[in-house]
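Colleague: I should be grateful for a close look at one part of this model, the surroundings of a single glutamate in a helix, and then for an account that leads on to the enclosed and open spaces and to the ligand.

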Amino acid sequence: MDFSIPGPLQETLRSVRSFLLEEIYPLERDLLTRPFRELLPSLAAMREKVRAIGLFAPQAPREYGGAGLSFMEHALLSEELGRTPLGHFVFNCQAPDSGNMEILHEFATAPQKETWLKPLVAGKIRSCFSMTEPGFPGSNPVWMATTAVSDGDSYVINGNKWFTTAADGAAFAIVMAVTDPNADPHRRASQIIVPCETPGFAIVRNTPVMGHAGEDWLSHSEIVYKDVRVPRTNLLGREGAGFEIAQARLGSGRIHHCMRWIGICERSFDLLCERAARRDLAPGDKLGSRQTVQNWIAECRAEINAARLMVLQAAWKIDREGGKAAREEISLIKFYSADVLMHVIDRALQAHGALGMTDDTILSYFWRHERGARIYDGPDEVHKSVVARRILRRYGTF
Ligand SMILES: Cc1cc2nc3c(=O)[nH]c(=O)nc-3n(C[C@H](O)[C@H](O)[C@H](O)COP(=O)(O)OP(=O)(O)OC[C@H]3O[C@@H](n4cnc5c(N)ncnc54)[C@H](O)[C@@H]3O)c2cc1C
């Protein structure tokens, strides 16, 4: 395995880091203290700068207006962008739009691509992915109550979803709904494109998360779908392929999430080290002189390095053998990187004392928003179970 970064890409990553440092970090104060919509004009201006350097929608294919980076190139860019919560948004590769771009590219019809994919890649609209329901376990994605009943040339959708990230202000949702309740569990549901202005689509609330309901892209909505009628041509892929498409969405997406988390780890690690190097416990007596803090620094460094190498190895395997062959690696990195992320943020926050609890540093934002890493895209326990069962199968059981 060779994880060296080619020279030109190293140059690009270096310039992205400077851009984030000079232009985007200063906007974080507003992110922490003002409603998200008030940031949109500044973010739009930054998006123009990203467009000018040719990295807007970096992972999207060139034919649809993206920068066409390879899987591995985007993984490394994702690591840089993860250093600030605004990085992916400014480059138009934020969740859930990036995942939606991927499935639209892979499964949408030509007219669907024209209507939804192109403006999404151009950053003219946003989207959301509506699968999880409050009354059903998201960890079991084949069991849900939302239905899409065929009626002439339409589907009529009824159901209740929540944690539909970024639905507030989105132009469309990709909705997972049961189209054939009698089919095999993995073929019951389909994915259907629903324009958010369709009658019957109603955002009930932006669900408060750790005390913040948020708004616009930075929110998780509860949505009621009441007799929402859309043309059958809004079906994404085949009828009954909802689960399959959801799996396709998550494979490569997990690499990008994990690399984003590594970026967050690196930023938190910088803050931990700066604090250890600058904070005096008594005149001339630095926090970093304490062995406990030295242990945190050394352990964090080891954990980040380990997580990063595991993610790169998984990406390397996906590149060579495809997502199916790398299923075990993908589950390993999902729970391991999420755990490292929690440890690193926690130690950085602890080193800041009371300051760590305030919104005067970005650590509180990471703490609030990234705890979900152990829950979304498959809770840790599910991934651990996947890994253990596959290993035990090799020992003749399961
Ligand atoms: C920040 C955030 C953003 C999200 N964005 C979206 C989105 O955009 N669209 C969307 O559709 N959904 C989204 N979700 C929802 C997410 O996909 C679900 O929360 C996730 O699938 C878990 O489902 P659940 O919350 O229903 O928990 P449940 O399925 O009820 O599970 C609860 C807990 O039970 C345990 N558990 C579950 N299964 C097992 C098992 N097999 N073995 C052992 N323990 C188990 C785990 O600890 C798990 O955390 C988001 C969630 C978060 C936190």
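Modeller: Glu329 touches Gln313, Ala314 and Lys317, when residues up to four places away in sequence are not counted. This model is predicted, and every value below is computed from it. Glu329 has its place in helix α10. Its relative accessible area is 15%, and because the limit for a buried residue is under 20%, Glu329 counts as buried.

Helix α10, which spans residues 327–351, also takes part in the packing around another helix, α12. The buried residues of α12 pack against α10, and likewise against α2 (28–33), β8 (218–231), α8 and α11 (354–357). Six of the eight residues of α12 (residues 363–370) are buried, so this helix is largely enclosed by the rest of the structure. The buried residues of α12 are Leu363, Ser364, Tyr365, Phe366, Arg368 and Glu370.

Helix α8, one of the partners of α12, leads to an open space. The second largest pocket holds about 420 Å³ of space. This pocket is lined by 21 residues, of which Gln59, Glu102, His105, Glu106 and Ser252 are the closest to its centre. The elements that contribute two or more residues to the lining are α4 (71–81), α6, α7 (110–121), α8 (242–278) and α9 (291–321). Helix α6 gives the most, with five residues. By class, the lining of the second largest pocket comprises nine nonpolar, nine polar and three charged residues.

Helix α6 deserves a further look through one of its residues. Asn100 is found in this helix, which covers residues 97–107. With a relative accessibility of 0%, Asn100 counts as buried. Beyond its neighbours within four places in sequence, Asn100 is in contact with Leu120, Ser127, Cys128, Phe129, Ile174 and Arg249. With Ser127 there is also a polar contact, in which the two side chains are joined at 2.9 Å. Lys124 lies 24 residues from Asn100 along the chain, and the C-alpha atoms of these two residues are separated by 14 Å.

The ligand has its own set of neighbours. There are 16 residues around the ligand, and those that come nearest are Thr132, Gly138, Ser139, Phe163 and Thr165. Thr132 places a polar side-chain atom 2.6 Å from a nitrogen atom of the ligand. Phe163 approaches through its backbone, where a polar atom is 3.2 Å from a nitrogen atom of the ligand. An oxygen atom of the ligand lies 2.8 Å from a backbone N or O atom of Met131.

There remains the enclosed space. A search of the whole structure finds one cavity of 30 Å³ or more. The largest cavity has a volume of about 50 Å³. Its lining consists of Pro141, Val142, Met144, Met176, Val178, Pro185, His186, Arg188, Ala189 and Phe243. By class, eight of these lining residues are nonpolar, one is polar and one is charged.

Technical notes. Residues numbered from 1 in each chain as written. Predicted model: local features only at pLDDT ≥ 70, side-chain atom pairs only at ≥ 80, totals over all residues. Heavy atoms only, no water. Helix = DSSP H or I, 4+ residues; strand = E, 2+ residues; numbered from the N terminus. Buried < 20%, exposed > 50% of the residue type's maximum accessible area, 1.4 Å probe, protein only. Contact = heavy atoms within 4.5 Å. Polar contact = N/O pair within 3.5 Å; in protein donor to acceptor, adjacent residues only side chain to side chain. 1 Å grid on protein atoms, 1.4 Å probe; cavity = no way out; pocket = protein on both sides within 12 Å on 5 of 7 lines; lining within 4 Å. Points joined across faces, edges and corners; volume = space filled by probe spheres on them. Nonpolar A, V, L, I, M, F, W, Y, C, P; charged D, E, K, R; others polar. Near = heavy atom within 4 Å.
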